[in-house]
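Grab a coffee and load the model below. Here are two short exercises, each with a worked solution.

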Amino acid sequence: MLNTISLKSVLITGAAALTIAGQAYAYEPARSAECIAPANPGGGWDFTCRSVGKVLVDQEYFKGNVQTVNMSGAGGGVAFAHTVSKRDKDDNLIVAASTATTTRLAQGQFPGMNSDQVKWVGTLGADYGIIAVGKDSKYTSLTQVIEALKKDPGAVKFAGGSASGGWDHLKVLMTAQKAHVEKLPKIRYLAFSGGSEALVQVVGGHVDAFTGDISEVKGFMDSGDLRVLAVLSEERLPAPFDTIPTAMEQGIDSVAPNWRGFYVPGNASADSYDWWVNTMNELYTTQEWKDIMTKNGLMPFHKSGAEFTQFVKNQTLDIKILSQDIGLIK
């Protein structure tokens with residue numbers, strides 16, 4: 001079986017496309033741009049759009065604003081279809097994407113659509129998966145959750161911001177598989193329209209556990225309402241997340257980074273695509289973006305242009321094979 005979706009390779013940052021500062025582009029960006037977040041406010045895609053949009057304006061790439069438009073549905077499928085069918089030549093549109101996007105593409109969950117129908121711009125960091133519970137939960141470690149699942153795969157109910165079978169769901173199944181839990185399809189997972197909605201259910205005591213990414217939970221961690229049982233990374237994250245144990249520390253070899261990045265419409269002009277690629281390369285090196293990454297638990301991970309496009313193709317194939325192994329698809 002594949003080594004956790006070749007996730008080790010996800011962390012090996014290839015040579016990013018060279019930044020050509022101050023280069024004159026044939027494409028001149030409009031006064032304002034639009035960023036589609038394929039989920040409701042408060043989740044990872046929403047965070048990606050809003051934080052990157054702020055830096056684009058602060059660094060004066062746009063004189064106006066970068067408007068975030070929330071477009072939830074089908075684990076990103078509604079936004080993908082909207083981009084392909086209605087905005088296919090829009091040079092001033094970017095769409096937030098992540099490993100959740102490649103997961104749905106890999107599983108054929110965007111009917112009639114594939115990764116070649118858009119242009120892949122680049123990544124701006126990786127957001128590690130977590131498993132967390134409310135402050136009053138009886139579970140105080142990932143090991144306890146796994147033991148409960150071994151006795152009864154339906155004993156723990158999980159909530160996440162991706163569709164059923166999507167990346168948040170897959171993280172739980174991968175972790176359980178690594179811990180030798182049997183009858184994986186019987187693990188209960190509730191899909192919500194974004195991480196924030198799922199978190200509210202867990203913090204409110206209505207669902208046992210949350211599966212999502214570290215950038216989604218800092219507010220609830222700071223308030224003491226959420227207890228993160230494990231981060232799915234090779235080693236502990238830097239402060240302020242360094243008190244969270246890894247799954248590996250607890251004997252479970254589960255690693256799940258979620259890259260954060262963007263695509264643009266498939267028939268956007270070549271000049272505008274080059275502008276977006278180079279702009280994201282430059283943005284990634286700014287101190288403002290580095291500070292946002294540190295504050296929100298994003299780890300360095302940057303690919304862009306042709307390298308990122310090939311990475312998406314490879315990851316989509318890896319996730320398709322893993323999804324077949326786990327029994328999510330045939």
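**Exercise 1.** Which helix gives the largest share of the lining of the second largest cavity, and how many residues is that?

*Solution.* Keep in mind that this is a predicted model.

Step 1: find the space. Searching the whole structure turns up two cavities of 30 Å³ or more, and the second largest holds about 30 Å³.

Step 2: list the walls. The lining consists of Ile 131, Leu 142, Val 145, Ile 146, Leu 149, Phe 158, Val 172, Thr 175 and Ala 176.

Step 3: sort by helix. At least two lining residues come from each of α5 (142-151) and α6 (167-178). The winner is α5, with four residues.

Step 4: check the chemistry. Eight of the lining residues are nonpolar, one is polar and none is charged.

**Exercise 2.** Work out how α2 and α9 pack: at what angle, and how far apart are their axes?

*Solution.* Step 1: get the geometry. Two packed helices are described by the angle between their axes and the distance between the axes. For α2 (residues 44-58) and α9 (residues 270-285), the angle is about 90 degrees and the axes lie 11 Å apart.

Step 2: name the arrangement. Angles of 65 to 115 degrees count as roughly perpendicular, so α2 is roughly perpendicular to α9.

Step 3: see who touches whom. From α2 come Val 52, Val 55 and Leu 56, which meet Trp 276, Thr 279, Met 280 and Leu 283 of α9.

Step 4: classify the contact. Between α2 and α9 you get six nonpolar residues, one polar and no charged ones.

Technical notes
Residues are numbered from 1 along each chain as its sequence is written. This is a predicted model: local features need pLDDT of at least 70, side-chain atom pairs count only at pLDDT 80 or more; totals for chains, interfaces and linings use all residues. Side-chain values use heavy atoms; hydrogens and water are left out. On a 1 Å grid over the protein atoms alone, a cavity is a set of points where a 1.4 Å probe fits but cannot get out, and a pocket is an open set with protein on both sides within 12 Å along at least five of seven lines; lining residues have an atom within 4 Å of a point. Grid points are joined across faces, edges and corners, and a volume is the space filled by probe spheres set on the points. Ala, Val, Leu, Ile, Met, Phe, Trp, Tyr, Cys and Pro count as nonpolar, Asp, Glu, Lys and Arg as charged, and the others, Gly among them, as polar. Axes are lines fitted to C-alpha atoms, for helices over the stretch in contact, and angles run from 0 to 180 degrees between N-to-C directions. Angles under 35 degrees count as roughly parallel, over 145 as roughly antiparallel, 65 to 115 as roughly perpendicular and the rest as oblique. Contact means heavy atoms within 4.5 Å.
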